Amino acid sequence: MDQGLSYFSTFVLVFICFQEAFVLKYHFDWSIVTSGKYFDWLVSGLKITLELSSVSIVLAFLLGLLIAVMRMSHIKPIRFIASAYLEFFRNTPLLVQIFFWYFGSYKILPTAVNDWLNSTNFEFAAAVIALTIYTSAFIAEDIRSGILSIPKEQMEAARSAGFSFLRSMQYIILPQAVRITVPPLVNQFLNLAKNSSLAMTIGVMELTYQARQVESYTFKGFEAFTAATLVYLVISVSITWAVHVYDRRVLNPQKAG
Amino acid sequence: MDEFLNFQVIADNFTYFMIGRYPKGPLGGLGLTLYLAVVSCILSMFGGLILGLLSISKKRWVRWPSVVFINAVRGLPLLMVIFWMYFLLPALLGRTVPESRTVIFGLTLFTSAYMSQIVRAGIEGIPRGQTEAALSTGLKHWQAMIYIVLPQGLRNMIPSFVNQFVSLIKDTSLAFIVGVSELTHVGTQINNRTMAYPTEIFIFIAAVYFVICYAFTSLSRLLERKLSVGSSA
């Protein structure tokens with residue numbers, strides 16, 4: 001991965017030029033984001049970003065699996081519900097979905113659920129719900145194309161061996177499909193990490209929120225946003241690299257030689 | 001609560017949702033959303049084309065920085081890109097920049113990086129023989145690209161461009177964060193004013209986005225079918 005490694009050297013270079021260009025007008029003070037209180041803020045933001053993305057990716061995977069299987073069902077209404085779900089959540093902005101769950105969901109949820117949500121950290125819960133549902137619609141499509149890539153005969157053989165539709169899925173099709181679906185799923189995790197930045201709009205104190213917070217306390221916007229940008233780049237480079245390694249080692253070992 | 005959901009609030013503010021205070025004041029609501037999406041889409045098609053061509057250049061010193069730039073932008077959340085624009089543009093230009101301009105810059109930069117991947121895939125999808133034939137007739141490399149490869153590649157890129165436009169419509173909702181009064185911002189504004197109807201307002205806004213985005217998604221699927229049928233026949 002010379003590309004991935006070179007990434008940072010170029011970034012650092014650009015960033016030095018940048019600093020030189022502004023040096024007359026603007027006094028840089030990197031110490032605020034490398035140690036002390038503001039550094040701790042950014043670290044706690046990163047923790048929440050990772051927490052939010054990890055919880056949501058697990059839930060979104062399960063939900064996406066369910067929708068993908070529903071989408072392949074032989075019963076028409078089930079298939080219709082699954083595609084309606086997919087189309088609706090893929091074709092509306094995530095921000096609007098976040099606002100809906102945060103501000104508007106109380107009218108359509110049962111009282112018991114509302115009480116439980118209010119007893120927890122509601123900002124975080126609303127962000128998890130919105131991110132999970134939004135991402136599950138994308139994951140379901142990834143899983144579906146994974147399932148479609150398994151030869152049809154596998155399903156036919158399983159059915160004729162006496163497995164039901166759901167059992168054939170569970171034991172024969174899905175274990176093979178999931179293996180192929182790993183790279184797109186990992187990319188969805190990367191998308192989630194990026195999309196989770198929208199949770200700042202409802203007050204979840206994740207990385208972007210904290211960067212902005214540091215900016216408004218210190219007026220050092222360049223430093224704060226550079227720090228957050230670097231963290232996002234580290235996340236994305238390491239995930240891209242992991243997918244690359246998986247592809248070489250597991251899916252296409254013949255390419256590696 | 002007397003009624004379950006009361007959509008009267010939508011009817012009362014319908015024109016404000018659609019065009020803001022337009023004839024008397026600035027354009028807002030859905031009109032501004034579409035304006036931002038269309039302008040950014042056109043700009044980022046050019047941006048994507050340029051970045052895409054640079055990223056497959058034979059020259060290392062051209063290819064390398066553009067690939068790094070594309071990957072860096074793709075690794076960032078759009079929100080981060082918009083914040084950067086918010087800080088950088090005034091510093092670079094030495095004057096204040098209107099918020100909607102900031103958002104258009106941010107969206108263009110962000111979407112160009114994604115469009116460049118489409119351009120690159122479209123060009124790489126054209127058989128190498130085409131370029132070789134063009135070069136052997138005496139065309140220069142850039143001429144072969146512009147007159148032979150791109151016109152064929154662009155045709156295959158059209159469905160993906162439409163998909164990117166759908167993403168762009170959804171992404172304009174982030175203009176909310178810097179206070180541009182597009183559809184989502186108008187929704188939160190009306191929600192703050194009326195207080196009692198968040199569910200109705202956000203369902204309505206989601207439905208409006210859905211109708212537009214779904215129409216374009218369907219168009220992209222149709223184009224994909226039409227164009228692939230045409231090329232195989």
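This is a short tour of a predicted two-chain model, stop by stop, with something to select at each one.

Residues are numbered from 1 along each chain as its sequence is written, and chains are lettered from A and ligands numbered from 1 in the order in which they are written. Because the model is predicted, local features need pLDDT of at least 70 and side-chain atom pairs count only at pLDDT 80 or more, while totals for chains, interfaces and linings use all residues.

**Stop 1: chain A as a whole**

Select chain A and switch to a cartoon view. You will find twelve helices and zero strands, where helices (H or I, at least four residues) and strands (E, at least two) are DSSP runs numbered from the N terminus. Read along the sequence, the pattern is α-α-α-α-α-α-α-α-α-α-α-α. Chain A has 257 residues, and 37% of them are buried. A residue is buried if 20 or more other C-beta atoms lie within 10 Å of its own, exposed if 12 or fewer, and partly exposed in between, with C-beta atoms placed from the backbone. Of the contacts in chain A with a separation of 6 or more, 78% join residues 24 or more positions apart; two residues are in contact if their C-beta atoms, placed from the backbone, lie within 7 Å.

**Stop 2: two places in chain A**

Zoom in on A:Phe219, in the loop between helix 10 (207-218) and helix 11 of chain A. Its phi is near 60°, a positive value in a residue other than glycine. Is A:Phe219 buried or exposed? A:Phe219 counts as exposed, because 10 C-beta neighbours fall inside 10 Å.

Now pick A:Val113 in helix 6 (residues 111-119) of chain A. With 12 C-beta neighbours inside 10 Å, A:Val113 counts as exposed. Add a distance label from A:Val113 to A:Glu141: they are 28 residues apart in sequence and 29 Å apart in space, C-alpha to C-alpha.

**Stop 3: the side of chain A that touches chain B**

Bring chain B into view. Here 34 residues of chain A are in contact with 35 residues of chain B. To colour the chain A side, use helix 1 (2-22), helix 4 (76-90), helix 5 (94-104), helix 9 (165-195) and helix 11 (221-251), each of which supplies at least two of its residues. Helix 11 of chain A gives the largest share, nine residues. By class, this side of chain A has 18 nonpolar, 13 polar and three charged residues. Ala, Val, Leu, Ile, Met, Phe, Trp, Tyr, Cys and Pro count as nonpolar, Asp, Glu, Lys and Arg as charged, and the others, Gly among them, as polar.

**Stop 4: the nonpolar core**

A nonpolar core is a set of buried Ala, Val, Leu, Ile, Met, Phe, Trp, Tyr and Cys residues joined through C-beta atoms within 7 Å. Of the 117 residues in the largest one, which touch the most other members? They are A:Ile98 and B:Val81. The largest share of this core, 13 residues, comes from helix 7 (residues 122-148) of chain A. Centre on A:Ile98 and leave aside its neighbours within four places in sequence: its contacts are A:Ala126, A:Ala127, A:Ala130, A:Leu198, A:Ala199, A:Thr201 and A:Ile202.

**Stop 5: chain B**

Hide chain A. Chain B has ten helices and zero strands, and its C-alpha trace spans about 75 × 50 × 30 Å along its principal axes. Of its 233 residues, 41% count as buried.

Select helix 3 (residues 29-55) and helix 6 (residues 99-124) of chain B, which pack at an angle of about 45° with their axes 6 Å apart. Axes are lines fitted to C-alpha atoms, for helices over the stretch in contact, and angles run from 0 to 180 degrees between N-to-C directions. Helix 3 and helix 6 of chain B are therefore oblique to each other; angles under 35 degrees count as roughly parallel, over 145 as roughly antiparallel, 65 to 115 as roughly perpendicular and the rest as oblique. The residues of this contact divide into 13 nonpolar, eleven polar and one charged.

Keep helix 6 of chain B and add helix 4 (residues 60-74) of chain B: the angle is about 115°, with the axes 9 Å apart. Show side chains for B:Ile70, B:Val73 and B:Arg74 in helix 4, which meet B:Leu109, B:Phe110, B:Ala113, B:Tyr114 and B:Ser116 in helix 6.

Finish at B:Met195, in the loop between helix 9 (183-194) and helix 10 (198-232) of chain B. B:Met195 has a positive phi of about 65° although it is not a glycine, and is exposed, with 8 other C-beta atoms within 10 Å.
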